[in-house]
Amino acid sequence: MSSLFIGIDSGTQSTKAIVLDLESGQIVAHAHRKYDLIEGLPAGHLEQHPSEWITAVEGCISECVEHLGDRRKDIAGIGVSGQQHGLVVLDKDDQVVRPAKLWCDTSTAPQCEQIAHEFGGQPGCIALAGNAILPGYTIPKLLWLKQNEPQNFAKVTSILLPHDYINFWLSGVKRMEYGDASGTGILDVRQRTWNREICDFVDERVLSMLPPLGSSQEVHGTIRPELVKKWGLNDNVIVSAGGGDNMMGAIGTGNVKPGIITASFGTSGTLYGVADAPVVDGQAEVAAFCDSNDLWLPLVCTMNVTVVTEQVREMFGWTIPQLEAAAAEALPGAEGLLFLPYLNGERTPNLPNGTGVIHGLRPGNMNPRNLARAAMEGATLGLAYGLQRFRELGMNPAEIRLTGGGSQSKAWRQLAADIFNAEVVTLATAEGAALGSAIQAAFALQKRDGKATNIEELTSRLVTLDESTRCRPDPARVALYAEKLEQFSRLTQRLREVEYL
Ligand SMILES: Nc1ncnc2c1ncn2[C@@H]1O[C@H](COP(=O)(O)OP(=O)(O)O)[C@@H](O)[C@H]1O
Ligand SMILES: O=C(CO)[C@@H](O)[C@H](O)COP(=O)(O)O
C-alpha cells in the first residue's frame, strides 16, 4: 500500500487539487473549481469571501476522494497553497468579519504612504522588515479596515492569510508559517520575527491578532473529525504548514536550492528563485520573501498576466485555443502594437493607480490577432522588466521553469523565451503549486515521524521537466523584444508622469 497526498492550490481565479501517489510519483486524481472576484468602487477594490475558497476546497476534495473510491483510506496528508497577502479577519467566535481584500487590491495605496511616512519612507520600512510596504501586502489592508470600517475593525480578534484560513478550516488550528507570513509586510525577513514598530503603528492590538508563527516544514494539525467522517478518511490525516502559492510553486517546480528560476503565468506573473540568505532590494522591486523550506525566495510580482489575456479572450468571445491560435498567427511584435498591461494597477513597477494602454495603433494593424499577441507580449514584457532587476542583483538564469495556466500555451512559451532571452521549459504538470503542496505534506509527515527525508531528494524524484515544451530564444526575436522592452519602459515612465504628476 502506498501513501497518497492531496495538494490544494487556492488561486485567484480557481482552486486546483491533485492527489499524488508518493511511491509511483503519479497524479491519481485531480479536480478544480472556479470563482469570481468582488470588484468594489472606486476601482482598485478587489475582494473575495473566504467561504468561496472553502466551498471550492470542499468540492475539490470531495471529487478527488470519490474518484479514489476505497483508496481514499491511503490518504496520509494534505498540503495547502494559497494566493499570497489576502487579509482574512475573524471575530471572537472565529467568524469571518468581512470579505478578504486580495493581493491585487490597490485601494490601500494611501495607507502604504502613511506607514512609509511614519518610518522615514520606504527605505525605513526596508530597514525594519526587509520589504517596502506595497498595496498588495497584508498590513496596509488592516490599516485600511481600521480607517474605513471602524465597526468591523473593532470586531477583529485574529487575522490569517488565505492558506492559513483553509488550514484552520481543515484542522481547527490557527498558525502562520514564515513563507506566506513574509508577504504581510510586518515580518522582519532577516530574523523571521514580527516587527513590533510597524505593527504598533497600525494598531496596538495587531500583535495580539497574529497567530503563533513557525517553520514551514512542520505539520500544522490533523483533519477535523467532521471532515474525516464526511470524506471517509483515516482519522490521522495530517495538514502540513502549507504556504503561499509562489513558495509552494517553488517546491512543485523543483526550485528548492539556489540557481533555479521559476516564472508563474497565473492571474499574476511571478519570477522567483531560492536563496540561502535574505535578498533585500533597496529599490524594492524584488520582494525579500521567505520560502517554504525555511530559506528565502526573492520574488518579482506583476499583477497583470492572464488578467490581460482573459480580457482580450472575453472581448472576442474566444475559447482558450482560439486565443492561442490568434496570438500564434500574428507576427512577433504584433505589427507595432505595444500593450502596457496595467489593467489592475501594478506592483512592479509600483503603479497602484495605473491603467492599461494600447500603443501603436494604425489602420492596418488593429485586428484581433494583433491584440491577442500584444496582450501576451505586454504581460510578458512586464515580467521581463522585473527580470532586468533580478539580473542586476546577480540572478541571471540561462533557463526558466514555467508554471501556471498561461504556461500551457505553446505560443506564449516561445515568446517568453524570446522576451526573457533564456530557454524556458514547463513541468510535467502545470499545477506546480498544487504538486508542491502535496510534496510538502509528504515531507512534513516523514519529518514528524523521524524518517530520513530531504526535500531535494523528494523533488528530484517527483518533479519532472517536460522536455517536449522546451523553447530556445531566437536571436532576431530577442533583438526585436529588447527594443520593445525599452519602449515599454519609456512608455511606462510617461504613463507615470501623465497619471501621477
Ligand atoms: N493554453 C492557455 N493559453 C493561455 N492561457 C491559458 C491557457 N490555459 C490556461 N490559461 C489561463 O490561465 C489562467 C489560470 O491560471 P492559474 O495559474 O490557474 O491562475 P490562478 O492560480 O491565479 O487562479 C486562466 O485565466 C486561463 O485562462
Ligand atoms: O501577490 C502575489 C505574489 O506576491 C501573487 O502571485 C499572488 O500570490 C496571487 O497568485 P496567483 O493567483 O496569480 O497564482
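Modeller: Domain bounds, as used here, come from an automatic or database domain assignment. Residues are numbered from 1 along each chain as its sequence is written, while chains are lettered from A and ligands numbered from 1 in the order in which they are written. The model is predicted: local features need pLDDT of at least 70, side-chain atom pairs count only at pLDDT 80 or more, and totals for chains, interfaces and linings use all residues.

Biologist: Which domains does the assignment give for the protein chain?

Modeller: Two of the domains are written in two segments each. The assignment gives domain 1 (4-244), domain 2 (245-304 + 388-471) and domain 3 (306-382 + 475-498).

Biologist: Which element gives the most to the side of domain 2 that touches domain 3?

Modeller: The centres of domain 2 and domain 3, taken over C-alpha atoms, are separated by 24 Å. Their contact takes 20 residues from domain 2 and 25 residues from domain 3, where contact means C-beta atoms, placed from the backbone, within 7 Å. On the domain 2 side, β20 (296-302) and α15 (410-420) give two or more residues; helices (H or I, at least four residues) and strands (E, at least two) are DSSP runs numbered from the N terminus. With six residues, the element that gives the most is α15.

Biologist: How do the residues on that side of domain 2 divide by class?

Modeller: Ala, Val, Leu, Ile, Met, Phe, Trp, Tyr, Cys and Pro count as nonpolar, Asp, Glu, Lys and Arg as charged, and the others, Gly among them, as polar. On the side of domain 2 that touches domain 3, the division is nine nonpolar, nine polar and two charged.

Biologist: Where does ligand 2 lie with respect to the domains?

Modeller: The shell around ligand 2 holds 17 residues, of which T12, Q84, W103, G266 and S268 come nearest; a residue is near a molecule or strand if its C-beta atom, placed from the backbone, lies within 6 Å of it. By class, this shell has two nonpolar, 14 polar and one charged residue. Both domains named next give residues to the shell, so ligand 2 lies between domain 1 (4-244) and domain 2 (245-304 + 388-471).

Biologist: Which elements give two or more residues to the shell around ligand 1?

Modeller: Ligand 1 is surrounded by 18 residues, and G11, G266, T267, G405 and S409 are the closest. The elements that give two or more residues to the shell are α12 (306-315) and α13 (320-329).

Biologist: Is D245 buried or exposed?

Modeller: UniProt, in an unreviewed entry, lists D245 under "active site"; positions are in the numbering used here, feature names are shortened, and annotations may be inferred rather than shown by experiment. D245 is found in helix α11 (residues 245-252), and, leaving out residues up to four places away in sequence, it touches D9, G11, S81, G82, Q83, Q84 and A433. A residue is buried if 20 or more other C-beta atoms, placed from the backbone, lie within 10 Å of its own, exposed if 12 or fewer, and partly exposed in between. Because D245 has 34 C-beta neighbours inside 10 Å, it counts as buried.

Biologist: Which residue takes a positive phi just after α6?

Modeller: Nine of the ten residues of helix α6 (residues 162-171) are buried, so the helix is largely enclosed by the rest of the structure. Among the buried ones are H163, Y165, F168 and L170. Just after α6, a positive phi of about 80° is taken by G172.

Biologist: Which strands stand at the edges of the open sheet of three strands?

Modeller: The order in this sheet is β4-β5-β8, with antiparallel pairing; two strands pair if DSSP finds at least two bridges between them. β4 and strand β5 (residues 45-48) pair over three bridges, and G40 stands opposite H45 in β5. Each edge strand has a single partner, so one side of each is left without a neighbour in the sheet; the edge strands are β4 (38-40) and β8 (100-101).

Biologist: What is omega for the peptide bond that joins L41 and P42?

Modeller: P42 is found in the loop between β4 and β5. The bond between L41 and P42 is cis, with omega of about -5°.

Biologist: What is the phi of R192?

Modeller: R192 lies in the loop between β11 (187-188) and β12 (193-194). With 18 C-beta neighbours inside 10 Å, R192 counts as partly exposed. Although R192 is not a glycine, its phi is positive, about 60°.

Methods: Contact = placed C-beta atoms within 7 Å.
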